[in-house]
Amino acid sequence: MNTFSVKAFGTEAPEAALNQMQIDRREVTANDVEIDILYCGVCHSDLHTARNEWGGTIYPNVPGHEIVGKVSKIGTEVTKYKIGDLVGVGCLVDSCRTCDSCREGLEQYCENGNVQTYNGQDKHLHHQTFGGYSERIVVDQDFVLKIPSNLNLAGTAPLLCAGITTYSPLKHWKVGPGKKVGIVGIGGLGHMGVKIAKAMGAHTVVITTSASKIADAKRLGADEVILSTDREQMQKNAGTLHFILDCVSAQHDINAYLSLLRRDGSLTLVGAPEHPLPVAAFSLIPGRKSFSGSMIGGIKETQEMLDFCGQHDITSDIEMIRMEQINGAYERLLKGDVKYRFVIDMASLKEN
Ligand code: NAP
Ligand code: ZN
Ligand code: ZN
């Protein structure tokens, strides 16, 4: 298979900093789109993976799964895109396409193993996949998304993971008018969750550990804010929420948040902390409560989410960084110090 070399930023070991490196991309095959990457969002999953916090990271690791760019080359069978189109790539670049989940448009739950944008198994090059912290990427047209023309490009990049990861469970658990929904953890995912839940018509309640985010939460669309470190506020709101989306990246007491649910309410985890979260039986039993999880979203639903964001004029609140600022950005992510998503201007990598 013919390949070409591109500049990328990645890491060689869990404790090593990210550095510039060269990686291989395949030359477009018949169904491939080559994308010149303009912006890439920085997801907390990038950090968990780069540092092997979930185990299973294959090094070198090049993170990045919130990609927007311009089509620079297409294969002979590509019908969905043409050179110059503005497109996106999220967390998935392939799947088996034949299992029940794939046939239902739920490629994220592919029963034969999906291919994630980074740290997946590249079916063409037979090594790990490399993500969006790079100049260019080559992706099968079926895993490429169309960007609504009215949206700011850099602010759209985080929709490809943070947007779909919050949209999919909010929709699945039927959040909308008449429902009171709590969003826990106002980082990249959480702030998108607030915007999307509000646009879906739900009464939206932010639950944060950061007093400094209260004013922002209201600006993002929250109807109410609960400071979770304040026992009194938590007690006052016990039993009030129909649904809670938990977007927290670190250890936290899940039982405290379950107490906010009404009877028959559900708390869904999208946040994926490194260590298990103990749940008390009596946090669930009285009130017939559910505790569940959700992973990103399929390709069809990701396009639906992008179109929804286009209609409602929703993008991410971003702080633009240069590629070489990534290690400092990871440290700030760990402190919850980002409003609300770092996005890498990929021109900065091309200059070096
Ligand atoms: P992020 O921007 O770092 O936001 C995480 C937020 O969690 C922080 O801003 C903070 O919000 C809250 N938080 C942090 N430490 C906390 C603690 N000890 N107790 C309570 N709250 C705490 O991260 P992100 O990119 O949004 O990602 C969030 C998590 O979702 C990560 O674990 C990531 O890997 C995971 N993820 C999962 C999927 C999926 O498919 N399920 C997809 C993408 C990401 P406050 O300041 O408001 O408290
Ligand atoms: Zn992500
Ligand atoms: Zn499948």
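1. Helix 1 gives three residues to the shell around ligand 1, the largest share of that shell. The model discussed here is predicted, and the points below should be read with that in mind.

2. In total, 30 residues surround ligand 1. The closest of them are His44, Thr208, Thr209, Ser210 and Arg341. By residue class, the shell divides into 13 nonpolar, 15 polar and two charged residues.

3. Several polar contacts to oxygen atoms of ligand 1 can be listed one by one. Thr208, already named among the closest residues, places a polar side-chain atom 2.6 Å from a ligand oxygen. For Lys213, an N or O atom of the side chain is 2.7 Å from an oxygen atom of ligand 1. Gly188 takes part through its backbone, with an N or O atom 2.9 Å from an oxygen atom of ligand 1. On its own, ligand 1 has 930 Å² of accessible area, and the protein covers 89% of it.

4. Which elements give two or more residues to the shell around ligand 1? They are helix 1, spanning 44–50, and helix 5, spanning 188–199. In terms of domains, the shell draws at least three residues from domain 1 (3–161 + 317–351) and at least three from domain 2 (162–293).

5. The zinc ion that is ligand 2 has as its protein donors Cys43 (SG), His65 (NE2) and Cys161 (SG), at 2.0 to 2.2 Å. Along the chain these donor residues are spaced C-x21-H-x95-C. Cys43 sits in the loop between strand 3 (32–41) and helix 1, while Cys161 sits in the loop between helix 3 (153–156) and helix 4 (162–172), so this pair ties together parts 118 residues apart in sequence.

6. The other zinc site to note is ligand 3. Its protein donors are the SG atoms of Cys96, Cys99, Cys102 and Cys110, lying 2.3 to 2.4 Å from the ion. The spacing of the donors along the chain is C-x2-C-x2-C-x7-C.

7. Why is the arrangement around the zinc ion (ligand 3) called tetrahedral? The four donor atoms subtend angles of 103 to 120 degrees there, which makes it so. Four donors count as tetrahedral if all angles lie between 85 and 135 degrees. For reference, the ideal angle for four tetrahedral donors is 109.5 degrees.

8. Two cis peptide bonds deserve a look in the backbone. One joins Tyr59 and Pro60, with omega at about 0 degrees; Pro60 belongs to the loop between helix 1 and strand 4 (67–74). Another joins Lys339 and Tyr340, with omega at about -10 degrees. Tyr340 is in the loop between helix 11 (326–334) and strand 17 (341–345).

9. Lys174 is a further backbone point to check. Its phi is near 55 degrees, a positive value in a residue other than glycine. Lys174 lies in the loop between helix 4 and strand 10 (180–184).

How values were computed
Residues numbered from 1 in each chain as written. Chains lettered and ligands numbered in written order. Predicted model: local features only at pLDDT ≥ 70, side-chain atom pairs only at ≥ 80, totals over all residues. Heavy atoms only, no water. Near = heavy atom within 4 Å. Polar contact = N/O pair within 3.5 Å; in protein donor to acceptor, adjacent residues only side chain to side chain. Areas by Shrake-Rupley, 256 points an atom, 1.4 Å probe, with all protein chains shown as cover. Helix = DSSP H or I, 4+ residues; strand = E, 2+ residues; numbered from the N terminus. Nonpolar A, V, L, I, M, F, W, Y, C, P; charged D, E, K, R; others polar. Domains from an automatic or database assignment. Donors = N, O, S within 2.8 Å, 3.2 Å for Na, K, Ca; no water. Tetrahedral: all angles 85-135°; square planar, octahedral: opposite > 155°, others 65-115°.
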